[in-house]
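Here are a few short exercises to work through with the model open in your viewer. Try each task before you read its solution.

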Amino acid sequence: MPITPATATHSSSNGTAEAILLELVDEKGMTIGTAEKLAAHQPPGQLHRAFSVFLFDEQGRLLLQQRALGKYHSPGVWSNTCCGHPYPGEAPFAAAARRTFEELGVSPSLLAEAGTVRYNHPDPASGLVEQEYNHLFVGLVQAPLAPDAQEVAQTAFVTAAELAERHTRDPFSAWFMTVLDAARPAIRELTGQSAGW
C-alpha cells in the first residue's frame with residue numbers, strides 16, 4: 001500500500017485513483033458494509049471502524065501530534081500520536097502500525113491492544129461527525145521521528161501535567177479526551193503509576 005495523504009482518494013495497484021472506503025460496523029463492532037470516507041463523516045455520521053494510537057518515550061511522556069493545516073478534517077488541532085481508519089478487511093493493529101509509519105516515519109518498538117471505545121463527536125469547525133467504533137493501542141517509540149508534513153504540522157512529547165496545561169490552552173481534536181480516558185488503564189500499565197497518567 002502506498003504512503004498516502006489523508007485525502008478522499010488513494011492510488012490503486014494499477015495507478016488510478018479510487019475512493020477510500022471505510023468499514024461500517026454495528027454497535028458490537030461487527031462489519032456491516034462500507035462507505036466512502038467523507039460520506040461516512042457527513043452528519044449524522046455513519047458508525048465506522050477507527051483506531052487511535054498512544055506512543056510513549058522511555059520517560060513516560062506521550063507523543064502528541066498537531067494535525068497538518070491542510071487536512072480536511074480537524075486541521076491544526078492537537079491529538080494523540082496517530083489515529084485513522086483501517087481499510088475494509090485490514091486488521092486494526094496492522095492499520096495502526098501502517099499509519100504511524102506513514103504519518104510519523106517511525107515504527108513503534110512496542111504496540112499493544114488497549115480495548116475499544118464507541119463515541120459520537122460532532123466537529124463544530126468542519127461540520128463533520130465522528131461516529132466511531134475505535135480500537136485503542138498503546139506502545140513505545142524509541143527511534144527518531146520523521147513526520148510527513150502533509151499529515152503532521154508538529155509533534156511534542158508531554159508529561160501528564162504538561163498535557164493538562166496544554167489542553168487548557170491549545171485546540172485539541174473533538175475525540176481526544178474520549179480516547180485518552182478509554183486508554184488510561186492500558187497507559188498506566190505501560191508507563192507505571194509514577195508517570196501520572
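**Exercise 1.** Work out whether Arg184 counts as buried or exposed, and find what it touches.

*Solution.* Start with the relative accessible area, which is 19% for Arg184. The cut-off for buried is under 20%, so Arg184 goes in the buried class. Next, place it: Arg184 sits in helix α4. Finally, list its contacts, skipping neighbours within four places in sequence: Met177 and Trp197. Keep in mind that this is a predicted model, so all of these values are computed from predicted coordinates.

**Exercise 2.** Decide how far you'd trust the coordinates along the chain.

*Solution.* First, take the overall score: the protein chain averages a pLDDT of 91, and 91% of the residues score at least 70. Then look for the weak part: over residues 1–16 the pLDDT is below 50. That stretch still has 36 contacts in the model beyond near neighbours in sequence. Where pLDDT is low, predicted coordinates shouldn't be read in detail.

**Exercise 3.** Find the buried side of helix α3 and say what it packs against.

*Solution.* Step one is to pick out the buried residues of α3 (residues 160–169): Ala160, Leu163 and Arg166. Step two is to check the directions around the axis. These residues cover an arc of only 120°, so they lie on the same side of α3. Step three is to turn to the face pointing away from that side, where you find the exposed residues Ala161 and Thr168. Last, look at the partners: the buried residues pack against β6 (62–67), β7 (78–79), β11 (152–158) and α4 (176–191).

**Exercise 4.** Locate the two positions that UniProt marks as "active site" and describe the surroundings of each.

*Solution.* The record, an unreviewed entry, puts this feature at Cys83 and Glu132. They're spread over 50 residues of sequence, yet they cluster in space, with a largest C-alpha distance of 11.5 Å. From this set, Cys83 is part of the lining of the second largest cavity.

Now take Cys83 by itself. It belongs to strand β8 (residues 82–84) and is buried, at 16% relative accessible area. Setting aside residues up to four places away in sequence, Cys83 touches Phe51, Ser52, Arg67, Glu103 and Trp175.

Do the same for Glu132. This residue is in strand β10 (residues 129–140) and is buried, with a relative accessible area of 4%. Its contacts beyond four places in sequence include three histidines: His41, His48 and His85. With His48 there is also a polar contact, side chain to side chain, at 3.1 Å.

**Exercise 5.** Which residue carries the UniProt "binding site" feature, and what does its side chain pair with?

*Solution.* The unreviewed entry places the feature at Glu103. In the model, Glu103 is in helix α2 (residues 92–104) and is buried, with 4% relative accessible area. Going through its contacts, again without residues up to four places away in sequence, you'll meet Cys82, Cys83, Ala146 and Pro147, among others. So the list takes in Cys83, one of the positions from Exercise 4. For the side chain, the partner is Gln65: the two side chains make a polar contact at 2.6 Å.

Notes:
Residues numbered from 1 in each chain as written. Predicted model: local features only at pLDDT ≥ 70, side-chain atom pairs only at ≥ 80, totals over all residues. Heavy atoms only, no water. Buried < 20%, exposed > 50% of the residue type's maximum accessible area, 1.4 Å probe, protein only. Helix = DSSP H or I, 4+ residues; strand = E, 2+ residues; numbered from the N terminus. Arc of directions from axis to C-beta. Contact = heavy atoms within 4.5 Å. UniProt positions renumbered as here; feature names shortened; annotations may be inferred. 1 Å grid on protein atoms, 1.4 Å probe; cavity = no way out; pocket = protein on both sides within 12 Å on 5 of 7 lines; lining within 4 Å. Polar contact = N/O pair within 3.5 Å; in protein donor to acceptor, adjacent residues only side chain to side chain. pLDDT = per-residue confidence, 0-100.
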